[in-house]
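Take a walk through this structure, one stop at a time. The route begins inside one chain and ends at the DNA.

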2 protein chains.
Amino acid sequence: MDRIRIKDIALLAGVSTGTVDRVLHNRGNVSEKAKIKVLKALETMDYSPNILASSLAYNKNWRIAVLMPNEIKDPFWNQPKEGILRAFKALKDYGVSIDFYHFHENDIEDFTANSKNILDNNYNAVIIAPIFLNQSLNFLNKCEEKNIPYVEFNTCLDLDAPNLLCYVGQDSYHSGTLGAKLLAFGLSPGEQVMICHLEELVYNSQHLIDKENGFKEYFSNHPSLEIEVFTGHYANPYDHEGLANFFEETLKKAPNIKGIFITTSRVFHAINALKKINRGNLKMVGFDLIEENLKYLESENIDFLINQNPHKQGYLALLNVFNFLARKMTPAKLQFLPLDVVMKENVDYYTDELFDEIPIIL
Amino acid sequence: MDRIRIKDIALLAGVSTGTVDRVLHNRGNVSEKAKIKVLKALETMDYSPNILASSLAYNKNWRIAVLMPNEIKDPFWNQPKEGILRAFKALKDYGVSIDFYHFHENDIEDFTANSKNILDNNYNAVIIAPIFLNQSLNFLNKCEEKNIPYVEFNTCLDLDAPNLLCYVGQDSYHSGTLGAKLLAFGLSPGEQVMICHLEELVYNSQHLIDKENGFKEYFSNHPSLEIEVFTGHYANPYDHEGLANFFEETLKKAPNIKGIFITTSRVFHAINALKKINRGNLKMVGFDLIEENLKYLESENIDFLINQNPHKQGYLALLNVFNFLARKMTPAKLQFLPLDVVMKENVDYYTDELFDEIPIIL
DNA sequence: TAAAAAGCTGTGTGCGAACACAATAAATTC
DNA sequence: GAATTTATTGTGTTCGCACACAGCTTTTTA
């Protein structure tokens with residue numbers, strides 16, 4: 001069964017390919033009579049355009065700017081970047097080109113300068129990790145003025161902004177309930193559990209607040225478990241001594257704590273500290289498949305890691321932009337990434353990048 | 001930064017596009033001098049071919065046959081089929097065409113007739129679920145004779161067959177250890193656990209044997225857990241009365257069983273039976289995101305479902321065939337699919353097909 | 001009725017790569 | 001050195017679609 005081409009439709013309808021093309025694209029300049037003939041032919045032959053030939057002929061160049069932190073302060077940013085690059089690899093032949101504008105994660109000036117450069121260069125769309133609230137809003141307002149569509153990832157500002165195509169990011173609240181469920185499954189009535197932040201400025205960070213809410217609400221929705229929840233907070237996990245003391249104190253006050261939920265990738269610091277005070281046997285749940293954590297997953301000091309698919313964030317961000325620009329598809333506004341439950345027994349499936357070799361855009 | 005074309009290389013090298021083409025494809029008929037000029041130009045400009053234009057110009061038709069059961073006996077087969085169709089949707093413009101040859105799952109004649117048809121029609125490649133051992137081997141031998149490459153999915157016969165591109169399927173052994181680890185996390189020393197098959201002909205089915213081995217070896221490798229493992233087996237879960245009696249008897253003999261691992265998607269039958277005897281509170285792990293199981297995941301009667309990504313099986317099978325034929329890529333021989341741990345709290349990410357709308361082949 | 005305008009239709013070219021074939025240059029033979 | 005063969009190189013066509021433009025028909029206006 002060979003594929004139907006515009007030429008075939010034209011032949012069947014008894015018109016030229018130009019006329020079929022005009023009908024397909026609603027370009028007008030077609031008589032009612034011809035239009036009907038073409039539509040009839042289209043019905044009988046179920047034509048769908050060859051996307052390769054179509055993209056080739058369009059010969060458009062979609063210029064996209066990516067505004068995100070560099071990886072100097074936090075190597076996390078490499079992952080969404082890789083995702084963007086993977087999508088780019090698939091899309092470059094479709095006319096996509098991207099420019100990265102990296103700013104330093106604690107340099108507002110740097111952010112502003114980069115955002116100005118983007119505005120000066122007339123991009124077709126922007127992908128942004130809007131980590132500075134006010135400066136980002138300011139920049140995105142300018143995008144609205146210039147009618148540049150954009151996708152936000154990692155952090156979301158105003159979901160109702162007209163030119164915001166979508167937000168691609170993690171579902172912090174549910175990652176909290178997920179962590180809670182996992183620990184609840186492993187604990188017995190009468191035992192205690194702790195949610196613990198190892199970050200500075202916890203309550204400026206919506207992510208962490210959402211996780212904490214999710215975690216706590218799970219337990220308050222399941223009173224029959226009879227598990228008491230404690231909240232812990234230690235700002236600087238690089239202070240090994242201090243962290244160990246912190247845990248020692250806490251466990252003295254609540255000796256029945258049998259499981260700990262660390263709200264970020266810094267769970268390995270907690271293990272280090274707990275080992276130091278001979279409490280390496282607690283049930284532990286944390287985030288992200290970074291090297292240090294994988295080591296402790298292997299040694300069974302960490303029971304579960306929740307994988308937030310940071311790689312996919314970037315991948316989807318670019319894909320959504322492309323689909324909007326080239327395919328005129330409006331994406332779902334809110335796109336949460338899968339929360340994978342990763343254990344020693346299935347970690348290989350999430351670290352191997354089996355699919356990197358697959359050169360396809362459907 | 002515009003993309004580099006053959007024309008650009010030719011211009012830089014001071015030769016014609018034909019010569020560049022000959023160098024790129026090792027077609028010969030190029031003087032040493034010209035070849036060097038082209039290679040130098042290629043180095044400085046980092047050219048990569050436009051895959052759209054390339055595929056369009058190749059104008060090849062890759063004819064692929066799929067030999068698999070129909071979904072009449074087991075709706076499971078719909079899932080890999082959907083995966084194949086999804087990949088097809090992405091690949092059709094690259095010149096791929098597929099024909100499905102469905103046979104009835106317990107009709108060997110039907111299988112043989114279909115396989116004969118395939119051989120008569122000279123396909124470029126075959127995708128097969130080789131569920132009848134001898135007949136499949138017979139068919140695949142003919143493929144070897146005719147030098148037709150093929151991919152096996154779901155079941156694997158001889159991994160060393162020369163024309164077998166790869167096997168795409170589930171990792172049964174590790175799904176067993178995964179189930180074991182999950183239950184082990186939820187149980188306390190001194191408690192008991194059961195692995196239970198709700199199928200006929202268990203020990204003819206390598207999948208089930210592997211799962212059982214994985215499950216048991218987990219516990220024998222972790223003696224410090226002090227958990228005793230029982231094995232159960234009830235052939236016909238549609239006999240509700242009988243199944244309930246079976247569980248009642250078993251739990252009478254081993255009253256400390258606190259968790260059950262059902263080795264297939266039939267875990268919902270176990271819940272039904274256990275509820276009948278007022279033991280719906282056991283910790284339960286099973287397989288597959290089918291409707292009945294999702295209901296019990298929601299109601300928290302099932303704690304974990306292991307998702308074997310049957311959809312991806314089909315997707316990858318076709319993709320690997322295409323990459324081999326069109327891109328001359330040799331795939332990894334053994335491709336196990338991710339084993340996702342699915343819970344009430346993250347089930348949405350695995351059932352929503354967010355990605356169906358994404359028209360991409362990287 | 002002729003001229004101008006508007007409506008409609010078909011043909012031709014380009015997108016970038018693949019490949020056939022013609023054209024040229026170099027090497028071989030007599 | 002001319003004729004022939006062989007090696008090398010350039011040009012032209014094709015893939016299916018998008019779009020520009022020319023040509024034709026019909027309608028409107030003077």
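Start with strand β9 (residues 283–287) of chain A: four of its five residues are buried, so the strand is mostly covered. Buried means under 20% relative accessible area, exposed means over 50%, and partly exposed lies in between, with a 1.4 Å probe and protein chains only. Helices (H or I, at least four residues) and strands (E, at least two) are DSSP runs, numbered from the N terminus.

This is a predicted model, in which local features need pLDDT of at least 70, side-chain atom pairs count only at pLDDT 80 or more, and totals for chains, interfaces and linings use all residues. Residues are numbered from 1 along each chain as its sequence is written, chains are lettered from A and ligands numbered from 1 in the order in which they are written, and side-chain values use heavy atoms, with hydrogens and water left out.

What lies beside β9(A)? On one side, strand β8 (residues 257–262) of chain A pairs with β9(A) in the parallel sense over three bridges. Two strands pair if DSSP finds at least two bridges between them. Here Ile260(A) has Met284(A) in β9(A) as its bridge partner. β9(A) also runs parallel to strand β10 (residues 304–307) of chain A, joined by three bridges. There Val285(A) stands opposite Phe304(A) of β10(A).

Helices link these strands. From β9(A) the chain crosses through helix α12 (residues 291–298) of chain A to β10(A), a right-handed β-α-β crossover. Right-handed means that, with the strands pointing away from the viewer, the path from the first strand over the helix to the second runs clockwise. β8(A), helix α11 (residues 267–276) of chain A and β9(A) also form a right-handed β-α-β unit.

Now step back. The domain assignment, automatic or from a database, splits chain A into domain 1 (6–48), domain 2 (62–169 + 310–337) and domain 3 (172–307). The C-alpha centres of domain 1 and domain 3 of chain A lie 64 Å apart.

Chain B has two residues to pause at. Most residues other than glycine have a negative phi. Glu226(B) has a positive phi, near 55°. Glu226(B) sits in the loop between α9 (206–221) and β7 (228–233) of chain B, and is exposed at 53% relative accessible area. Asn278(B) also has a positive phi, about 60°. Asn278(B) belongs to the loop between α11 (267–276) and β9 (283–287) of chain B, and is exposed at 67%.

Last comes the DNA. A residue is near a strand if one of its heavy atoms lies within 4 Å of it. Around DNA strand D there are 25 residues, and Ile6(A), His25(A), Arg27(A), Ser16(B) and Ser31(B) come nearest. Of the strand D atoms within 4 Å of the protein, 78% belong to sugar or phosphate. Polar contacts, pairs of N or O atoms within 3.5 Å, reach the phosphates. Polar side-chain atoms lie from a phosphate oxygen of strand D at 3.1 Å for His25(A), 2.8 Å for Tyr47(A) and 2.7 Å for Ser31(B).

DNA strand C has 26 residues around it, the closest being Ser16(A), Ser31(A), Ile6(B), His25(B) and Arg27(B). Sugar and phosphate make up 72% of the strand C atoms within 4 Å of the protein. Backbone atoms take part here: a polar one of Ser16(A) is 2.8 Å from a phosphate oxygen of strand C, and an N or O of Ile6(B) is 2.7 Å from one. The largest share of the surface near strand C, five residues, comes from α4(B).

Key
A polar contact is a pair of N or O atoms within 3.5 Å; within protein, one must be able to donate a hydrogen and the other to accept it, and residues adjacent in sequence count only if both atoms are side-chain atoms.
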